[in-house]
Amino acid sequence: RAQIGVWYSTPTRDYQDFSVGGQFGLYVTTKAPTADPDWWASDPGDSALLKPHLGGWRGAAHALIELGLPFKPILDQGPGSRRDDLAGLSLVWLPSVAALSDDSIAALREFVKGGGVILATDRMPAQLDEWGASRASNPLADMFAFQRDPMTMQPRPSAAQYGAGQAIYRPDLSGSAVFGMVN
């Protein structure tokens, strides 16, 4: 049974990824795997690896598959409750999930307080609401104990206890980086 969840965020795809290059990133590679004349991904901008969330999600899924670890996709904005989706999991991976609703944030906080581990990679999570609007402050800052490098003002990796669980943030792990690690 899967004890790992990987968060797929439609709002992040729509409000963050589309603005990065404007294409949709349906494929990881632009090199056709066969001589199929219908293969259309020929521009480097077509690669999902350039999209923070799609590349991150595909990288996370690829890494877990290569490691033989079953995982459960958590579909933000999908039917049902995120609390129900998180039940029974021990780890939730947020691959560059910039957009989260208040309800999803509450579900993630409860998950970590209850003993779960959350891993956020690449972009800082919850910078946007589910409609793509920037937040005045990050509602997960206390849970992750976000820190910035005083010289560059870039986010630093962090790990913090929160309730009975732990929140880990790795801004240095992008989707393309994860693909490179497992290949």
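Visitor: Which residues of α2 are buried?
Guide: Welcome! This is a predicted model, and in it helix α2 covers residues 52-66. The helix is mostly covered, with 12 of its 15 residues buried. Reading along α2, the buried ones are Pro52, His53, Leu54, Gly55, Gly56, Trp57, Gly59, Ala60, Ala61, His62, Ala63 and Leu64.

Visitor: How far does α2 reach from its first C-alpha to its last?
Guide: At 1.5 Å a residue, the 15 residues of α2 are expected to reach 21 Å. The model comes close to that expectation, and the reach is 21 Å.

Visitor: Which residue just after α2 takes a positive phi?
Guide: Look just past the end of the helix, where the phi is about 75°. The residue there is Gly68.

Visitor: What pattern does the protein follow along the sequence?
Guide: The protein has six helices and six strands. Read in sequence order, they give β-α-α-β-α-β-α-β-α-β-β-α.

Visitor: In what order do the six strands form the open sheet?
Guide: The pairing in this sheet is mixed, and the twist from one strand to the next averages 20°. Helix α1, residues 10-17, lies across β1 and β2, at about 45° to β1. Across the sheet, the strand order is β2-β1-β3-β4-β6-β5.

Visitor: Which strands stand at the edges of the sheet?
Guide: An edge strand here has a single partner strand, so one of its sides is left without a neighbour in the sheet. That applies to two strands, β2 and β5.

Visitor: What is the bridge partner of Val117 in β6?
Guide: Strands of a sheet pair through backbone hydrogen bonds, either parallel or antiparallel. β4 and β6 pair in the parallel sense, over five bridges. In β6, the partner of Val117 is Gln166.

Visitor: Which element gives the most to the largest nonpolar core?
Guide: This core has 24 residues, and Trp7, Leu86 and Phe144 touch the most other members. Elements that each supply at least two residues are β3, α4, β4, α5 and β6. With five residues, the one that gives the most is α4.

Visitor: Which residues does Leu86 touch, not counting those up to four places away in sequence?
Guide: Leu86 is one of the residues that touch the most other members of the largest core. Its list includes Ala107, Leu108 and Phe111, which are also among the buried residues of α4. In full, Leu86 touches Trp7, Ile74, Val92, Ala107, Leu108 and Phe111.

Visitor: How many residues are in the second, separate core?
Guide: This core includes Ile4, Ala63, Leu64 and Leu119. Of these, Ala63 and Leu64 are buried residues of α2. The second core has 13 residues.

Visitor: Why does the span of α4 agree with what is expected?
Guide: α4 has 12 residues, and at 1.5 Å a residue they should span 16 Å. The end C-alpha atoms agree with that because their separation is 16 Å.

Visitor: Is Tyr162 buried or exposed?
Guide: Tyr162 is found in strand β5, residues 158-162. Beyond its neighbours within four places in sequence, Tyr162 is in contact with Arg109, Val112, Lys113, Asp142 and Met143. Its relative accessibility is 13%, and buried means under 20%, so Tyr162 counts as buried.

Visitor: What distance separates the C-alpha atoms of Tyr162 and Gly115?
Guide: Gly115 sits just after α4, with a positive phi of about 115°. Along the chain, Tyr162 and Gly115 are 47 residues apart. Their C-alpha atoms are separated by 8.4 Å.

Conventions
Residues are numbered from 1 along each chain as its sequence is written. This is a predicted model: local features need pLDDT of at least 70, side-chain atom pairs count only at pLDDT 80 or more; totals for chains, interfaces and linings use all residues. Side-chain values use heavy atoms; hydrogens and water are left out. Helices (H or I, at least four residues) and strands (E, at least two) are DSSP runs, numbered from the N terminus. A nonpolar core is a set of buried Ala, Val, Leu, Ile, Met, Phe, Trp, Tyr and Cys residues joined through side-chain atoms within 4.5 Å. Buried means under 20% relative accessible area, exposed over 50%, partly exposed in between (1.4 Å probe, protein chains only). Contact means heavy atoms within 4.5 Å. The expected span of a helix is 1.5 Å times one less than its number of residues. Two strands pair if DSSP finds at least two bridges between them. Axes are lines fitted to C-alpha atoms, for helices over the stretch in contact, and angles run from 0 to 180 degrees between N-to-C directions.
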